[in-house]
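Please look through the sequence and the model shown here, and then follow the account below, which moves from a single helix outward to cores, open space and the end of the chain.

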Amino acid sequence: SNSMVIKLQPAIIIKNLTKIYENGVKALDGVNLEINKNEIFSLLGPNGAGKSTLIKIIIGELEPTNGEVIVLGVHHKDFLTSNVRHKISYVPQENLVWENLTVEENMDLIASMYRIPKSERRGLIRELLEEFSLLEKRKILASKLSGGMRRKLTIATALLNDPEILILDEPTTGLDPRARAELISDLEKLKGMNKTVILTTHIVEEAERLSDRVAIIDSGKIIKVDSPNKVKQDACGGEVLEILFESLDNSTLELIRDLLGFDNLIRVGDKILVRENSLISILETVQKNTILKGKILSTAIRKSTLEDAFLFLTGKELA
């Protein structure tokens, strides 16, 4: 018997996508990408890397200069006239809430715009408010909500029409660390929802905790696409050595480079990151060097992060 190989139809196919703005800025530079159905996919890169431009082309808000985008089988030229745009929910960085309505009324208003029958509305709203830990807040006016709660309400509302694709543009921007952590754990619940979720972010923890796959994007180019673990493994191995200097002048940097090889290390301010298999022996080598010894404040061998991977892949920091 010949077994059929079922090719998963990607949710989004992006081919050789370029966007040059009228002022000559090249925001996207030949991007190729396939985003699978039901995966959580992060676009990780600094501000200005091209993440928002890419999203705006996917949702039909911007015309590409070159290349093509196919969303759920529909070409970008036909996107706005097709039914596909109703299968996508896009949550921009700004919160979309009506200040003078309660949390529940906000949801109800949008549900009525989506023409969800009244009989189904209550249960659906309740379920989503529960998912996003907003149930106790349902009678509270939106104007009284914290930034984190507003963000959650905005995302919960975007799920009312049960979209196939949910796009979140920098979902934790402007939140304090605690609200960010809370939102990330609520977003983890999206994993079981059979949706394609696309997340743009410059925050490593978000990409690391939530994504099935992550695309590292820098200056309009996709540098690497893989699972967070594989990206880290390929870029800098499982562990890195971090050496902090009192002040890292050029002669000290030269010395370290001579000692350890140019390719294995990267400088961040007064810190050096080293990737190698034999970090312990490298650490010993560094500590044996009398010139370096006096200049080192601290050393640590630790698990590598996506932040480290980004540094080694692009030579820049994420912020």
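## A walk through the predicted model

The buried residues of α9 pack against β11 (239–245), α8 (250–260), β13 (271–274), α10 (290–293) and β14 (296–303), in what is a predicted model. Those buried residues of helix α9, which spans residues 279–288, are Leu279, Ile282, Leu283 and Val286. Seen down the axis of α9, they fall within an arc of 100°, so they line one face of the helix. An α-helix has 3.6 residues a turn, so residues three or four places apart point the same way. The face of α9 turned away from its buried side carries the exposed residues Ile280 and Lys288.

One of the strands against which α9 packs, β13, contains isoleucine 272. With a relative accessibility of 0%, isoleucine 272 counts as buried, because buried here means under 20% relative accessible area. Not counting residues up to four places away in sequence, isoleucine 272 touches Leu241, Glu242, Ile243, Phe245, Leu248, Leu253, Ile256, Leu265 and Ile266. Among these contacts is leucine 241, which is 31 residues apart from isoleucine 272 in sequence and 8.0 Å apart in space, C-alpha to C-alpha.

Stepping back to the chain as a whole, the model has eleven helices and 14 strands, and its C-alpha atoms fill a box of roughly 75 × 55 × 50 Å, taken along the principal axes. Of the 319 residues in the protein chain, 46% are buried. When contacts with a separation of 6 or more are considered, 68% of them are accounted for by residues 24 or more positions apart.

In soluble globular proteins, nonpolar side chains tend to be buried together. In this chain the largest nonpolar core has 34 residues, of which Met107, Leu160, Leu166, Leu168, Leu187 and Leu190 touch the most other members. At least two residues of this core are supplied by each of α2 (103–113), α3 (118–131), α4 (147–158), β7 (165–169), α5 (177–187) and β8 (196–201), and the largest share, five residues, comes from α4. Leucine 166, leaving aside its neighbours within four places in sequence, is in contact with Ser89, Val91, Ala158, Leu159, Leu190, Thr196, Val197 and Ile198. Apart from this core lies another, of 28 residues, among them Leu17, Leu28, Val31 and Leu72.

Where is empty space left in the model? Rolling a probe the size of a water molecule over the atoms shows where empty space is left. The largest pocket holds about 640 Å³ of space, and of the 22 residues that line this pocket, the closest to its centre are Ile88, Ser89, Tyr90, Tyr114 and Asn161. The elements that give two or more residues to the lining are β6 (88–91), α2 and α4, with the largest share, four residues, coming from β6. Both α2 and α4 also supply residues to the largest nonpolar core, and Ser89, which lines the pocket, is one of the contacts of leucine 166.

Enclosed space is a separate matter, and here the count comes to one cavity of 30 Å³ or more. The largest cavity holds about 30 Å³ of space and is lined by Ile40, Leu168, Leu187, Leu190, Val197, Leu199 and Leu210. Among these lining residues, Leu168, Leu187 and Leu190 are also among the residues that touch the most other members of the largest core.

The path now returns to β14, one of the neighbours of α9, and goes on from there. Serine 304 lies in the loop between β14 and α11 (306–314), and serine 304 is buried, with a relative accessible area of 7%. The side chain of serine 304 reaches the backbone oxygen of glycine 237 at 2.7 Å. Not counting residues up to four places away in sequence, serine 304 touches Lys232, Cys236, Gly237, Gly238, Glu239 and Val240.

At the start of α11, a side-chain oxygen of threonine 305 reaches to within 3.2 Å of the backbone nitrogen of glutamate 307. Seven of the nine residues of α11 are buried, so this helix is largely enclosed by the rest of the structure; they are Leu306, Asp308, Ala309, Phe310, Leu311, Phe312 and Thr314. After α11 comes glycine 315, whose phi is positive, near 75°.

Terms used
Residues are numbered from 1 along each chain as its sequence is written. This is a predicted model: local features need pLDDT of at least 70, side-chain atom pairs count only at pLDDT 80 or more; totals for chains, interfaces and linings use all residues. Side-chain values use heavy atoms; hydrogens and water are left out. Buried means under 20% relative accessible area, exposed over 50%, partly exposed in between (1.4 Å probe, protein chains only). The arc is that of the directions from the helix axis to the C-beta atoms. Contact means heavy atoms within 4.5 Å. A polar contact is a pair of N or O atoms within 3.5 Å; within protein, one must be able to donate a hydrogen and the other to accept it, and residues adjacent in sequence count only if both atoms are side-chain atoms. A nonpolar core is a set of buried Ala, Val, Leu, Ile, Met, Phe, Trp, Tyr and Cys residues joined through side-chain atoms within 4.5 Å. On a 1 Å grid over the protein atoms alone, a cavity is a set of points where a 1.4 Å probe fits but cannot get out, and a pocket is an open set with protein on both sides within 12 Å along at least five of seven lines; lining residues have an atom within 4 Å of a point. Grid points are joined across faces, edges and corners, and a volume is the space filled by probe spheres set on the points.
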